[in-house]
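Dear colleague,

I am passing on the structure we talked about, together with my notes on its helices, sheets and recorded domains. Please keep the structure open beside this message as you read.

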Amino acid sequence: MTTALAVDLGSSSGRVLAGTLVDGHLEITKVHRFYHEARRDGDDLVWDLDTMWTELVAGLKKAAEQFPDAVSISVDTWGVDFVPLNSNDEIVGKSLAYRDERTVRTHDAFRARIGDEEFFELTGNAPATINSANQLFALTQEHPEQVDEIATFLFLPDYFAWKLTGVKGWSRTIASTSGLCGPGAREWSDEVFTRLGLKKEWAGELNKDLTVVGPCTVPGLEHLTVVRAGAHDTACAVHGLPIEDSVKKAFFLSAGSWSVLGAMEDEPLISPEAYAIGLTNEGRTDGGVRPLFNITGMWILQELQRQWEREGTPTDTDELVAQARECAPCEAVFDPDDPRFAEPGGMVEKIDEAMAEQGVAAPTSMPEYVRLVIESFARRYARAIDDLAAIVGERPEQLNLVGGGARNHLLSDLTARLANVRVVAGPIEASILGGLLAQLEIMGHLDPADRPAVIAETAQTRVHNP
């Protein structure tokens, strides 16, 4: 038996998990969970790095005690955020969050340096104020006094890997979210750095994933090796997808509060059509590319439930979805991408308003609202699959649905029917599975050729045919 330890950091919580390979099956144990959040520091929105680090170490020590045979550690996080450091390895200024308003204030100045379409052509990333490129540019504009103080910057997973080992690195999969690399993220974009007035020496050489960072130097964890198993959480998820060799083309859909639809390609997709749908070409752990784009997610359903509960009606998601299955198909649906649904609060009234604009009566019961939301999303996913297939040049034989949406049987059924594609729902925790398997491959305890078989033995999935 061999065990790997994974640190999975989300933007509101973090987890430490252990994965033990036993007879071709990966047994995953949740060891430690903690909560954190971006907080206001004056006018700035900052990350609580101290809490993340303290809890991360506490979780790893707990896991190492529970699994003394553990051999490795990996860290994955969300994309785009980073930590600036000076020559003494101290944080320069603050570790600001991607939702901090500074990038909105400096967006016009950014566009004056690089327009949106040219940014996509230079980087393969969709233009967005949250991109690391925009964040670094905002730093230089609003805090020019910090520019000469900065010696380097590390993306969040690489920052924690450095804290664990003393080794600085720049993992390709996380760098691919930054807007600082050329298309495909195989090298930094000198032109982007130059045009934005950023110092190229702030970044070292891009590191391939599926490689070793170094031995852990934290007391009590010295027997563990820190590795790059996919520093970006979606890269980890793609590494853990259950796709049989007979499937020639598969798309993936990570459906949670927000949805991400993507494909797996050898090279980035750069075209006017790709730019038009907001495609971003991010890196895969195996060196390939995952062109993807964001779609509004199931947060609309979550907001509905929050509203009902505030009004005194408790809700159960599984029960509501089961009741929604018994409702008649919807006469009409709404567009989940309508900007009104991006703001919290009053979701019942917003849906009623959207339906009235079409001359259609609003739902009269909670299950009918749930049916309308799910059917609206299934139709949106079907359109998105058509859009991506047109750019890829090939329709998928299979859609791998992961994340919390994989629990929603009605969503999977309707998506399969409306998109006319076989839907494989699960695993829900694809990023954890993929990251743990990648670690075992790096450490030589799993032949990459055997990964599909281990996924098949480990992942809990359901198949939904058109």
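Which residues does UniProt list for "domain: Carbohydrate kinase FGGY C-terminal"? The unreviewed entry gives residues 253–439 for that domain. Before going further, please bear in mind that this is a predicted model, and that the domain names and limits come from the UniProt record rather than from the coordinates.

Across residues 253–439 the chain is 45% helix and 16% strand, and the C-alpha atoms at the two ends of the span are 24 Å apart. The same unreviewed entry type applies to "domain: Carbohydrate kinase FGGY N-terminal", for which UniProt lists residues 4–238. That span is 32% helix and 26% strand, with its end C-alpha atoms lying 18 Å apart.

I will take the earlier part of the chain first. There, six strands form an open sheet, in the order β3-β2-β1-β6-β12-β11, and their pairing is mixed. The edges are taken by β3 (25–35) and β11 (211–215), each of which pairs on one side only, and the twist from one strand to the next averages 25°. Within this sheet, strand β6 (residues 70–76) and strand β12 (residues 225–228) are paired in the parallel sense over two bridges, and S72 is found opposite T225 in β12.

Helix α1 is worth following from this sheet to its helical partner. It lies across β1 (2–9), β2 (13–22), β3 and β6, and runs at about 140° to β3. The axis of α1 (residues 49–66) also comes within 12 Å of the axis of helix α6 (residues 156–165), and the two cross at roughly 55°, which makes α1 oblique to α6. The crossing of α1 and α6 is right-handed. On the α1 side the contact is made by L49, M52, W53, L56 and L60, and on the α6 side by L156, Y159, F160, K163 and L164. Sorted by class, this contact of α1 with α6 has nine nonpolar residues, no polar residues and one charged residue.

Further along the chain there is another helix pair to look at. The axes of helix α13 (residues 347–356) and helix α14 (residues 366–392) come within 12 Å and cross at roughly 65°, so α13 is roughly perpendicular to α14. The crossing of α13 and α14 is left-handed. In α13, the residues V348, I351, D352 and M355 meet Y369, L372 and V373 in α14, and by class this contact has six nonpolar residues, no polar residues and one charged residue.

Finally, there is a sheet of seven strands, which is open, has mixed pairing and follows the order β15-β16-β14-β13-β17-β18-β19. Because β15 (280–283) and β19 (462–464) stand at its edges, each with a single partner strand, one side of each is left without a neighbour in the sheet. The twist in this seven-stranded sheet averages 25° from one strand to the next. At the β19 edge, strand β18 (residues 422–425) and β19 pair in the antiparallel sense over three bridges, with V424 standing opposite V463 in β19.

With best wishes

Terms used:
Residues numbered from 1 in each chain as written. Predicted model: local features only at pLDDT ≥ 70, side-chain atom pairs only at ≥ 80, totals over all residues. Heavy atoms only, no water. Axes fitted to C-alpha atoms, helices over the stretch in contact; angles between N-to-C directions. Helix = DSSP H or I, 4+ residues; strand = E, 2+ residues; numbered from the N terminus. Parallel < 35°, antiparallel > 145°, perpendicular 65-115°, else oblique. Left-handed = near helix turned anticlockwise from the far one by under 90°. Contact = heavy atoms within 4.5 Å. Nonpolar A, V, L, I, M, F, W, Y, C, P; charged D, E, K, R; others polar. Pairing = 2+ DSSP bridges. UniProt positions renumbered as here; feature names shortened; annotations may be inferred.
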